[in-house]
Amino acid sequence: MAWSFYPGKNLGAVGDGGAVTTDDPEIARRIAMLRNYGSATKYVNEVKGVNSRLDPLQAAVLAVKLPRLAEWNARRARIAAIYADGLAGTPLTLPTTAAGATHAWHLYVVKTPRRDDLQRALRERGVETLIHYPIAPFRQGAYAEMKDEAGRLPSQTRSPRRSSACRWGRISPRLTRTGSWRRCTPRSTPCASQPETSAARVSSPN
């Protein structure tokens, strides 16, 4: 399994970083070589690799943060519950958690056919949202050989046009305390619902 330690992730370093975990010794050996110029023995390159070792500074930062990860994830879950309660009954398609799974809530992604209208209304109220990967990977120039894959990837084709993600961080004490959300009306704004206060704007909790 691949893990990203990009600064914006739940467990983020102060620069780019990542890790791979596996219970297969052969896969572990090959990954260790690939991240180290394709070398298991110094100056002996068995395969073509890259310089992709996690530097000690990033490792030190992650070691300090790791013990608090469960606490931070629990806080994200509490904020997600506030959002879910406030947005219940709106036309938005809200994120769900599969049975038997635990959601890390790296992002809170909602779907709506009026995504641009919703994003504009939230932006006017100081609430930041992002559209992640607005161009599906198979439609990027780098993957031109996959240009005919749209029929096999209906979710990838639809989602970039419908999804908007809210990043995490500070949330208004008033909103946390009351869970109050103001329902927008068609005459006032095109959005379905949004926080009563713009302090629901979010940033990294750590």
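**Exercise 1. The surroundings of Glu 46**

Task: In this predicted model, decide whether Glu 46 is buried, partly exposed or exposed, and then work out which side chain Glu 46 meets in a salt bridge.

Solution. Begin with the relative accessible area of Glu 46, which is 46%. Buried would require a value under 20% and exposed a value over 50%, so Glu 46 counts as partly exposed. Next, look for the partner: the side chain of Glu 46 meets that of Arg 29 in a salt bridge, with 3.8 Å from N to O. Arg 29 is likewise partly exposed, with a relative accessible area of 38%. Finally, place the two residues along the chain. Arg 29 belongs to helix 1 (residues 25-34), whereas Glu 46 sits in the loop between strand 4 (44-45) and helix 2 (56-65), so the pair ties together parts that are 17 residues apart in sequence.

**Exercise 2. Other salt bridges**

Task: State how many salt bridges the count comes to, and describe the one between Arg 120 and Asp 117 and the one between Glu 71 and Arg 68.

Solution. The count comes to 6 salt bridges. For Glu 71 and Arg 68, the closest N and O atoms are 3.2 Å apart; Glu 71 is partly exposed at 45% relative accessible area, and Arg 68 is partly exposed at 41%. For Arg 120 and Asp 117, the N to O distance is 3.0 Å, and both residues lie in helix 4, where they are 3 residues apart, about one turn of the helix. Arg 120 has a relative accessible area of 37% and is partly exposed, while Asp 117, with 24%, is partly exposed as well. As a last step, return to the pair of the opening exercise: salt bridges that share partners join Glu 26, Arg 29 and Glu 46 into one network.

**Exercise 3. The largest nonpolar core**

Task: Find how many residues make up the largest nonpolar core, and determine which element supplies the largest share of this core.

Solution. The largest nonpolar core has 11 residues, among them Ile 79, Tyr 83, Trp 105, Tyr 108 and Leu 118. Three elements each supply at least two residues of this core, namely helix 3 (69-87), strand 5 (108-111) and helix 4 (115-124). The largest share, 4 residues, comes from helix 3. Apart from this core lies another one, of 5 residues, which include Phe 5, Ala 13, Leu 62 and Leu 69. A broader remark helps in reading such groups: in soluble globular proteins, nonpolar side chains tend to be buried together.

Helix 3 also holds Arg 75, which is partly exposed, with a relative accessible area of 26%. The C-alpha atom of Arg 75 is separated by 9.6 Å from that of the core residue Trp 105, although the two are 30 residues apart along the chain.

**Exercise 4. The second largest pocket**

Task: Describe the second largest pocket by its volume, by the residues closest to its centre and by the classes of residue in its lining.

Solution. The volume of the second largest pocket is about 450 Å³. Its lining consists of 18 residues, of which Trp 3, Ser 4, Asn 10, Leu 11 and Ala 104 are the closest to the centre. Strand 1 (2-4) and helix 3 are the elements that give two or more residues to this lining, and the largest share, 4 residues, comes from helix 3. Sorted by class, the lining has 10 nonpolar, 7 polar and 1 charged residues. In terms of domains, the lining draws at least three residues from each of domain 1 (2-66) and domain 2 (90-173).

Methods
Residues numbered from 1 in each chain as written. Predicted model: local features only at pLDDT ≥ 70, side-chain atom pairs only at ≥ 80, totals over all residues. Heavy atoms only, no water. Core = buried A, V, L, I, M, F, W, Y, C linked by side-chain atoms within 4.5 Å. Buried < 20%, exposed > 50% of the residue type's maximum accessible area, 1.4 Å probe, protein only. 1 Å grid on protein atoms, 1.4 Å probe; cavity = no way out; pocket = protein on both sides within 12 Å on 5 of 7 lines; lining within 4 Å. Points joined across faces, edges and corners; volume = space filled by probe spheres on them. Nonpolar A, V, L, I, M, F, W, Y, C, P; charged D, E, K, R; others polar. Domains from an automatic or database assignment. Salt bridge = Lys/Arg side-chain N within 4 Å of Asp/Glu carboxyl O.
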